[in-house]
Amino acid sequence: MEDKFEPKIVAFVCNWCTYTGADLAGTSRLKQEANARLIRVPCTGRIDPVFVIKAFESGADGVLISGCHPGDCHYNAGNFHARRRWTMFKNLLEFVGIDSTRLQFSWVSASEGKKWVSVVDGVIDSVRAKGPFTQYKKMNKEIEIPVQTGEGVPAK
Amino acid sequence: MEELIISTENFKKIVQELLGKEFRVIGIPEGENKYQEITDGSKLSLHPEAAPTSSSFKEYFFPKSEPIFFYKQNHSSVDLFDPIEDKKGIVVIGAKPCDASALPIISKVFNWDYKDDLFNKRYDSSLIIGMSCNYKDDYCFCVSTHGSPENTKGSDVFLTSLENNYFSAAAITPKGESFINDYVKYFEMDEKKHKVIERKEEIPEHFNYEKVKTWLDNNFENKFWDTAGEMCLGCAQCAFVCPTCHCFDIVDEQCSSCEGRRAKNWDACQFSLFTKHASGHNPRDNQEKRYRQRISHKFKYYNDKFGEILCTGCGRCARGCPVSLDILQVVEDINALAEKS
Amino acid sequence: MNELKQTCKDVLTEKKARLIIGYSEDKNKRVKPFIARTPEDAEKFVFNHHAVNNLAVYISRFKNNFEGKIGIVVKGCDLKAVTALIQESQVKRDDLYIIGVNCSGVVREIDKEFSKDNSQIKCKYCQTKTPAYFDAIAEESKEFELTVDDQQELMTKIEKMSAEEKLDFWNEQFEKCIKCYACRQVCPMCYCEQCIAEKSEPQWIDSSATARGSFAWNTIRAFHMAGRCIGCHECERACPMDIPLTLLTRKMGMVASSEFGYRHGMSIDEPTLIGSYSTSDKEDFIK
């Protein structure tokens with residue numbers, strides 16, 4: 001029986017709002033899918049687009065970036081800077097061939113546990129429908145252990 | 001062995017046979033000016049009058065990024081895996097003398113204090129079919145680096161262009177001799193006495209290497225170096241297109257948290273971090289010093305160590321340099337300084 | 001040409017600048033960057049259709065090395081790079097002596113004659129034939145109409161592709177990359193003393209010229225040019241593997257212009273795009 005595809009999602013979340021909101025979702029025992037791995041950063045302004053590329057290189061099928069609502073940033077303007085950066089980066093990735101389903105953004109505050117669940121589930125469902133990001137994984141070919149045949153060398 | 005001739009058409013048929021026998025054939029396809037893997041014999045071109053390609057064919061012997069081994073971490077140990085060896089022999093067809101002569105030059109450093117099997121396996125199982133060159137431009141200076149457009153160094157078989165798309169084929173090494181024997185049915189005797197196509201212009205001697213070398217031996221601190229390379233931007237274009245540049249970096253790369261590989265990548269002395277030490281000190285911390293290194297390595301240090309000039313005068317570095325920094329003009333300036341003193 | 005030489009000689013004689021970065025012609029008639037430190041050196045300066053290089057890239061190299069102004073010969077497009085460097089606080093306007101030249105187009109293939117076809121894409125749409133500001137100006141201004149292929153068709157073709165086709169296209173292009181970093185070194189806006197690609201703890205961008213490493217490098221460099229590229233096309237000219245880098249940077253420029261109405265390098269007092277924000281920036285893509 002074939003294993004059904006379960007997407008791996010990496011979520012970059014800001015410490016003060018979204019991470020706390022996700023924690024609230026947990027303590028409130030809200031039911032949510034488990035595919036997202038969270039990486040906590042102090043502020044969305046810390047998120048360098050190279051993190052997104054690294055996430056895809058490491059095998060992520062989708063990336064979610066989430067932070068405080070505009071005006072609520074713990075560091076005053078971090079999310080404003082991030083917002084502008086994301087417009088440019090999103091357009092660049094679309095031009096280069098990374099579908100916008102695979103990189104999504106949200107504002108989730110510390111009290112929005114329910115919103116967090118619906119955002120994460122939404123991302124997971126849309127990436128599941130899109131399928132695994134095989135095109136990106138194929139780029140890893142030169143770095144992966146090659147499949148050896150015969151010769152008694154351990155195969156992958 | 002009597003000199004045999006062969007038509008370009010028949011050469012293409014040899015290529016088809018080589019492909020059938022699972023050789024990797026490297027040549028310049030018709031309509032392009034790059035060394036590439038030829039997968040269809042009919043696409044091979046042999047144009048002695050063409051300019052040198054924009055980059056050399058060293059990547060087939062010394063790839064731009066090559067795995068040394070792969071690793072996988074287990075709970076308490078690490079498993080190592082060898083890269084899959086490409087068992088196909090390489091045949092390079094139509095190599096200009098400035099490219100073919102580079103391989104024996106760099107083979108010396110790859111067999112010096114450590115025998116580099118990654119290079120040796122490819123080089124030892126290869127066959128180089130060189131071709132005389134009928135090209136000249138202001139960037140060519142093979143004659144000054146003890147080469148020439150008819151230089152057979154590095155070639156196993158050497159082709160000289162004749163009229164009517166024929167080439168005379170000379171076996172330079174035993175490998176070359178057995179190649180010609182294996183495919184002798186495609187060669188002919190030169191009954192019609194085809195004429196050799198003469199070059200339109202001779203390549204002059206631009207500088208006296210011995211004088212340049214003596215100057216380099218004695219002028220490490222000369223003020224000449226303050227401005228010789230000051231326009232250099234510090235990219236690696238020159239080193240990467242060069243048939244003799246061979247510096248490499250070894251890096252470890254992760255594929256997943258427990259798997260990855262160790263790789264050998266092209267590196268260049270023009271990069272700012274090339275000589276940065278783990279302590280943080282960088283002995284070549286400005287572009288002037290790095291450019292002095294490039295010229296000195298190519299025209300002095302390599303000769304001191306291995307008895308070869310690390311330059312074949314192909315001129316690719318100068319043709320492609322984004323700021324047109326011309327190695328020939330720098331060495332000519334050194335020659336002029338050497339003659340003055 | 002004599003006007004330029006004379007202007008530069010005067011600048012050096014009167015010590016208005018300690019050195020001038022300009023163009024000279026070598027024995028093979030190639031025009032290339034050259035630094036004049038004395039009025040005699042300035043005799044070697046030229047300016048013609050082959051003066052392709054963007055000399056602003058040298059400002060970051062020479063700005064800290066001495067006292068006195070840096071003189072620089074700039075075409076209208078190069079001046080945008082100078083403006084951009086001032087906007088980004090890399091050099092002060094007062095530390096520069098700008099010698100503008102009126103330009104009527106530069107070549108694409110440097111060893112051939114300039115013609116309507118053999119010209120740069122940027123020249124076709126040039127709005128800055130006369131540099132916007134300068135301390136001295138030389139050369140005659142001429143009108144010109146160029147017919148070079150501006151890759152607009154290729155750009156449209158790419159935008160119409162599906163995501164898979166786009167990624168396949170770009171992977172095919174990026175696999176040619178040999179990581180020589182010529183694109184970075186010619187770019188006046190790539191002035192970081194330690195590039196992100198040179199950081200090894202952690203290694204954000206693989207240094208290897210593999211499919212993965214080249215994709216990461218070219219994509220991240222294009223992003224670092226978002227709202228910062230001034231469209232000099234030097235990166236594509238320098239690339240030895242003919243990767244169409246300007247398609248990426250042009251796309252970034254188009255997005256900066258359409259989403260934020262911003263063009264880099266137009267005014268020294270304008271705040272930079274990514275360095276500033278507006279509380280009313282668009283966020284329709286954020287849930």
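# Reading domains, interfaces and a core in a predicted model

Me: Where do the domains of chain B begin and end?

Reply: This is a predicted model. In chain B, the assignment places domain 1 at 4-189 and domain 2 at 209-340. The centres of these two domains of chain B, taken over C-alpha atoms, are 25 Å apart.

Me: How many residues does each domain of chain B bring to the contact?

Reply: Domain 1 of chain B brings 33 residues and domain 2 of chain B brings 31 residues. On the domain 1 side, the elements giving two or more residues are β5 (65-73), α2 (97-100) and α3 (102-109) of chain B. Of these, β5(B) gives the most, with 9 residues.

Me: What is the make-up by class of that side of domain 1 of chain B?

Reply: The side of domain 1 of chain B that touches domain 2 of chain B has 17 nonpolar, 10 polar and 6 charged residues.

Me: Which domains does the assignment give for chain C?

Reply: Chain C is assigned domain 1 (2-138) and domain 2 (152-260). Over C-alpha atoms, 26 Å separate the centres of the two domains of chain C. Their contact joins 15 residues of domain 1 of chain C to 12 residues of domain 2 of chain C. On the domain 1 side, α3 (76-87) and α4 (121-124) of chain C each supply at least two residues, and α3(C) gives the most, with 6 residues. That side of domain 1 of chain C has 8 nonpolar, 4 polar and 3 charged residues.

Me: Now chain A. What pattern of helices and strands does chain A follow along the sequence?

Reply: Chain A has 5 helices and 4 strands, and the order along the sequence is β-α-β-α-β-α-β-α-α. The C-alpha trace of chain A spans about 60 × 35 × 25 Å along its principal axes.

Me: How do I read burial and contact separation in chain A?

Reply: For burial, take the share of residues that are buried: 49% of the 156 residues in chain A. For separation, take the contacts in chain A with a separation of 6 or more; residues 24 or more positions apart account for 81% of them.

Me: How many residues do chain C and chain A each give to their contact?

Reply: An interface can be described in more than one way. Its size is often given as the accessible area lost when the parts come together. Here the description is by residues: 34 from chain C and 33 from chain A. On the chain C side, α6 (163-174), α8 (211-224) and α10 (245-260) of chain C each supply at least two residues. The largest share of that side comes from α8(C), with 8 residues. By class, the side of chain C that touches chain A has 20 nonpolar, 5 polar and 9 charged residues.

Me: Which residues touch the most other members of the largest nonpolar core?

Reply: In soluble globular proteins, nonpolar side chains tend to be buried together. The largest nonpolar core here has 213 residues, and those touching the most other members are A:Leu92, C:Ile20, C:Ile72, C:Val73, C:Val82, C:Ile99 and C:Met252. Helix α3 (residues 78-96) of chain A gives the most to this core, with 8 residues.

Me: What does C:Ile72 touch, not counting residues up to four places away in sequence?

Reply: With those sequence neighbours left out, C:Ile72 touches C:Ile20, C:Ile21, C:Leu55, C:Ala56, C:Ile59, C:Val82, C:Leu96, C:Ile98 and C:Ile99.

Key. Residues are numbered from 1 along each chain as its sequence is written. Chains are lettered from A and ligands numbered from 1 in the order in which they are written. This is a predicted model: local features need pLDDT of at least 70, side-chain atom pairs count only at pLDDT 80 or more; totals for chains, interfaces and linings use all residues. Domain bounds come from an automatic or database domain assignment. Two residues are in contact if their C-beta atoms, placed from the backbone, lie within 7 Å. Ala, Val, Leu, Ile, Met, Phe, Trp, Tyr, Cys and Pro count as nonpolar, Asp, Glu, Lys and Arg as charged, and the others, Gly among them, as polar. A residue is buried if 20 or more other C-beta atoms lie within 10 Å of its own, exposed if 12 or fewer, and partly exposed in between; C-beta atoms are placed from the backbone. A nonpolar core is a set of buried Ala, Val, Leu, Ile, Met, Phe, Trp, Tyr and Cys residues joined through C-beta atoms within 7 Å.
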